[in-house]
Structure formats: structure tokens, C-alpha cells
Amino acid sequence: MIDAARLHGLMAGFLAHGATPDGGMHRLALSPEDGAARDHLVGWMRAQGLRLSVDALGNMVGLLDWAGPDAPVVMSGSHLDSQPHAGRYDGAYGVLAACEALLAVREAAGASGIAPRCNLAIVNWTSEEGARFQPSLLGSSVFAGLLDADDALARVDGDGVSVATALAGIGYAGRQHCPRPDAYVELHVECGPELERAGARFGVVTRHWGAVKYRLAFLGRQAHTGPTPMAERQDALLAAAQLIVAIGALPAAAAGVLHSSVGRLEVSPNSPNVVPGEAVLFIELRSPQPEVLDWAERAMLAAAAKAAAAARVRQEVRFIDRRAVGVFDAGLIALATGEAAALGVATRKLDTIAAHDAICMIPLCPAVVLNVPSVGGICHHPSEFTKPEDLELGAEILARILWRLCRDGLPAA
Ligand code: GLV
Ligand code: MN
Ligand code: MN
């Protein structure tokens with residue numbers, strides 16, 4: 001169904017916006033590179049005759065409304081933003097494979113003469129990664145009503161630039177309502193090693209892990225690192241170091257069902273000869289079991305209190321973002337499994353520990369995530385790679401799913 005050369009051509013075209021010479025991608029949310037990639041997508045959507053909507057968060061939807069205004073909307077896509085100096089496929093693959101799948105479905109409909117029963121929408125969600133602005137899944141969370149729009153627009157990056165200002169800066173502070181999906185299918189590279197280790201080429205995500213994310217500050221007293229007596233220091237970074245070690249040790253007590261990290265640390269004033277007055281930690285806890293997540297959060301807070309007392313500093317929680325554990329739609333999982341089987345491909349059922357915008361669609365409509373293998377399980381690194389034949393397979397299965405839904409209509413709820 002799909003045209004593999006057209007898919008690869010489309011993907012190669014978007015590398016102009018943020019590709020790094022080592023094979024990576026640097027396209028932070030709402031940066032000039034993200035703006036250029038968005039402009040490119042707008043050009044493609046217009047050239048294909050899709051109806052474009054951009055909402056207040058900059059979420060972009062291109063609609064092929066070929067089944068009439070009352071027909072259900074089947075949506076597919078992902079995100080064009082990337083982590084800093086990361087991989088080329090995380091997110092962009094899902095958007096561009098959806099573009100190719102839409103073309104393939106339109107061709108299949110034309111060749112068969114069958115009138116489509118669903119409209120097709122392609123989406124690029126704003127700021128999925130949570131690298132420049134937190135939380136992750138920003139645009140899709142607001143779209144789904146899980147996060148207040150004003151709250152999201154007021155979130156600032158490390159330089160104090162708000163989402164609202166950054167959106168206006170690249171011309172994507174939209175005013176429209178994007179069409180709402182009646183079914184949502186997101187294709188993504190796995191970002192983990194399970195498919196490759198199992199020798200599988202295709203996975204369907206049945207469950208997503210929950211997450212608790214804290215921005216926690218230790219506040220000490222800025223002082224000279226030389227003469228200040230050791231017993232009188234209030235070293236915020238010392239407390240941070242102790243907490244980081246404690247957080248890293250938590251998963252050993254819940255092996256296989258808890259992942260933890262401190263991925264970012266902001267130290268002030270960050271001078272070699274100043275006792276740090278402030279250290280801000282970006283903490284993540286992820287688990288498929290709510291009780292494990294609760295336990296880990298309590299253990300982390302106890303460790304923070306202990307570290308603060310030991311270093312004679314104060315602590316302050318600045319943000320908490322939570323995501324509950326959830327499951328994807330059984331009907332779409334079965335449809336994806338069946339379409340893969342028709343191609344002779346076995347489907348492996350997966351959890352996703354990485355977040356995806358599809359998680360936010362679960363309260364709105366049947367939703368699912370499809371995965372193809374990441375070589376070596378590598379993700380959020382410039383060497384992230386998926387074999388061309390696996391990229392094609394994922395897009396082919398996606399196209400077949402979209403065609404089935406357009407041809408047969410959505411199953412009754
Ligand atoms: C993004 O990739 C996340 O999993 O938070
Ligand atoms: Mn992603
Ligand atoms: Mn990512």
C-alpha cells in the first residue's frame with residue numbers, strides 16, 4: 001500500500017530542520033527549527049488539500065474531510081519536537097508515516113471506488129518531549145482537557161521564555177479548534193530494547209506506565225568555598241547529590257517495576273568557588289503499579305528531607321506532574337495485530353515506559369500506540385536508529401489500519 005521511496009523522501013526532507021552532522025536531531029519545542037519543520041508540514045498539508053487547524057497551544061491538525069462533516073475522524077500523528085541533540089525518528093516518524101499512510105489510503109480508495117466512511121486527520125502535537133518546557137505531552141494534555149491552557153501557556157523554559165511567547169515567536173499561537181478524534185493511532189519507534197531482544201519487528205502497546213515528576217529545589221546559603229568554615233556551610237548541591245544517589249537506589253527495591261532519574265540539575269550561582277545557594281532537581285519516577293509509584297514518591301520525599309537536614313538547607317517543591325497508569329484500546333490492538341498477521345508479521349505486546357501523546361487521547365476515544373524496533377534500544381541520543389525496512393513495515397501496518405477504518409467505519413462503541 002505505502003510508497004516506501006515517498007516515505008523516505010518525506011522523512012529526509014524534514015532533516016533540514018535541526019539535523020546534526022553526527023546523524024542526530026536538535027529541534028527543541030517552539031525553537032526556530034521546530035518553526036521551520038511546522039512550516040514544512042503546513043506546506044505539505046496544503047499541497048495535499050488538507051484543511052489545516054492550529055489551536056492556542058500550536059497543535060496542528062490537517063484534515064482530509066472526504067467523508068463529509070458528520071463522519072468520524074480517525075487521527076494519526078505524533079510530534080516534531082525533539083530532545084536536545086537526540087534522534088531523528090522519535091516523534092517525527094509518527095507524523096511523517098501518518099502523512100504517507102494518508103496518501104496510500106487515498107490511493108487505495110481511489111483504486112477501489114469505495115466511498116470512505118471516516119475522515120482522516122494528521123496531527124503534530126506541541127512540545128511532547130518536555131525538554132524545553134515541562135510537563136511533557138504539553139499540547140496533547142491541553143487538547144484532552146488534562147491540563148489548563150493558561151497554565152500550559154505560562155510555563156517557562158530555562159531562560160524564562162513562556163510557551164505563549166515562544167508560540168507567538170514562531171507564528172503558531174493559533175485560534176482554531178482542532179478536530180477531535182474518534183479513534184487515534186500513533187506510530188513510534190520503540191525507544192527501548194524489548195522488540196529487538198525478542199527478535200520481533202512489530203509491537204503494539206497495551207499499557208503505559210504511570211509517572212510522577214517533581215521539580216524540587218534545595219535552598220542553602222551562597223558563600224565563599226575557601227574561608228567559610230565547613231561546619232557553617234549550607235550547601236544546596238551537597239543535598240542534591242545525596243538525594244540523587246538515594247533516587248538512583250530506589251528501583252533496586254522494586255526491580256522491574258520502577259524506573260527513576262534526575263535528568264536535570266540547575267545549580268546557582270554555578271561558580272567553582274561559590275558554595276551553591278540553590279540546586280533544582282528534575283526528578284522522575286515511573287512504574288506500571290500505582291502502589292509502587294506511591295511508595296517511591298514517599299521514599300523520595302523522605303530522602304529529600306534527610307538530605308536537606310544533613311546539609312542544613314531548606315527544600316521547596318516547585319512543580320509536581322502526575323500521569324496515571326493506563327491501558328490502550330482492545331479493539332485497535334486486535335486490529336493492528338490482525339493487519340500485521342495479514343503481512344506475515346507477528347505482533348509483540350508491549351508496555352510503554354516512554355510517554356506518548358496517545359496517552360492523553362485515552363479519555364477521548366479508542367487509542368493505541370504501534371512500535372517498530374529501535375536498534376540497540378537507543379533513544380534520546382543522536383545514534384538512535386530504526387532500519388529502513390522496519391520504518392516501512394510500521395508505516396504499511398499503519399496505512400492498512402487507517403484504510404480498514406475508512407473502508408469499514410468505526411466499530412460501534
Ligand atoms: C518522553 O519521551 C518521555 O517519556 O517523557
Ligand atoms: Mn516521542
Ligand atoms: Mn522522546
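In this predicted model, the buried residues of helix α2 are Asp34, Gly35, Ala37, Arg38, Leu41, Val42, Trp44 and Met45. What lies over them comes from several parts of the fold, including α1 (4–14), β1 (51–54), β2 (60–64), α3, β4 (119–124) and α6 (163–170). The helix itself runs over residues 32–47, 16 residues in all. From first C-alpha to last, α2 reaches 22 Å, close to the 22 Å expected at 1.5 Å a residue. After the helix comes Gly49, with a positive phi near 80°. One of the buried residues of α2, Arg38, also meets an aromatic ring: its charged end sits over the ring of Tyr172, 5.1 Å from the ring centre. A similar arrangement turns up with Arg264, which lies over the face of Phe282 at 4.5 Å from the ring centre.

Next come the metals. The manganese ion (ligand 2) takes its protein donors from His79 (NE2), Asp90 (OD) and His188 (NE2), which lie 2.1 to 2.2 Å from it. Along the chain, these donor residues follow the spacing H-x10-D-x97-H. His79 and Asp90 are 11 residues apart, and both belong to the loop between β3 and α3. His79 is buried, with a relative accessible area of 0%.

The manganese ion (ligand 3) is coordinated by Asp90 (OD), by Glu129 through two OE contacts, and by His380 (NE2), at 2.1 to 2.3 Å. Here the spacing of the donors reads D-x38-E-x250-H. Asp90 and His380 bring together distant parts of the chain, 290 residues apart. Asp90 sits in the loop between β3 (73–78) and α3 (92–112), while His380 sits in the loop between β15 (367–372) and α12 (388–408). The two ends of that link are not equally covered: Asp90 is buried at 7% relative accessible area, whereas His380, at 42%, counts as partly exposed. That label fits His380 because buried means under 20% and exposed means over 50%. Asp90 is also what joins the two sites, as it coordinates both the manganese ion (ligand 2) and the manganese ion (ligand 3), which are 3.6 Å apart.

Then there is the packing of the interior. The largest nonpolar core has 102 residues, and the members that touch the most others are Tyr93, Tyr184, Phe202, Phe328, Leu370 and Leu398. Helix α3 gives this core its largest share, 14 residues. To take one of those well-connected members, Leu398 touches Ser76, Ala97, Ala98, Ala101, Val185, Leu187 and Leu370, with residues up to four places away in sequence left out. Apart from this core lies another, made of 27 residues, among them Leu216, Phe218, Val257 and Ala308.

Not far along the sequence from Leu398 comes a charged side chain, Glu396, which is found in helix α12. Glu396 is buried, with a relative accessible area of 11%. Setting aside neighbours within four places in sequence, Glu396 is in contact with Met1, Ile2 and Leu343.

As for the aromatic rings, the count comes to 3 aromatic pairs. One of them joins Trp125 and Phe143 in an edge-to-face pair, 5.0 Å centre to centre with 65° between the planes. Trp125 lies in the loop between β4 and α4 (138–143) and Phe143 lies in α4, so this pair ties together parts that are 18 residues apart in sequence. Both Trp125 and Phe143 are buried. Trp125 also pairs with Tyr184, this time in a tilted arrangement, at 6.3 Å centre to centre and 55° between the planes. Tyr184 lies in strand β5 (residues 183–189) and Trp125 in the loop between β4 and α4, so this second link ties together parts 59 residues apart in sequence. Relative accessibility is 1% for Trp125 and 0% for Tyr184, and each counts as buried. Through these ring pairs, Trp125, Phe143 and Tyr184 are linked into a cluster. Tyr184 appears in the largest nonpolar core as well, among the residues that touch the most other members.

Notes. Residues are numbered from 1 along each chain as its sequence is written. Chains are lettered from A and ligands numbered from 1 in the order in which they are written. This is a predicted model: local features need pLDDT of at least 70, side-chain atom pairs count only at pLDDT 80 or more; totals for chains, interfaces and linings use all residues. Side-chain values use heavy atoms; hydrogens and water are left out. Donors are N, O and S atoms within 2.8 Å of the metal (3.2 Å for Na, K and Ca); water is not among the atoms, so sites may look incomplete. Helices (H or I, at least four residues) and strands (E, at least two) are DSSP runs, numbered from the N terminus. Buried means under 20% relative accessible area, exposed over 50%, partly exposed in between (1.4 Å probe, protein chains only). The expected span of a helix is 1.5 Å times one less than its number of residues. Contact means heavy atoms within 4.5 Å. A nonpolar core is a set of buried Ala, Val, Leu, Ile, Met, Phe, Trp, Tyr and Cys residues joined through side-chain atoms within 4.5 Å. Rings of Phe, Tyr and Trp (its six-membered ring) pair if their centres lie within 6.5 Å; planes under 30 degrees apart count as stacked, over 60 as edge-to-face and the rest as tilted. A charge sits over a ring if NZ of Lys or CZ of Arg is within 6 Å of the ring centre and within 35 degrees of the ring normal.
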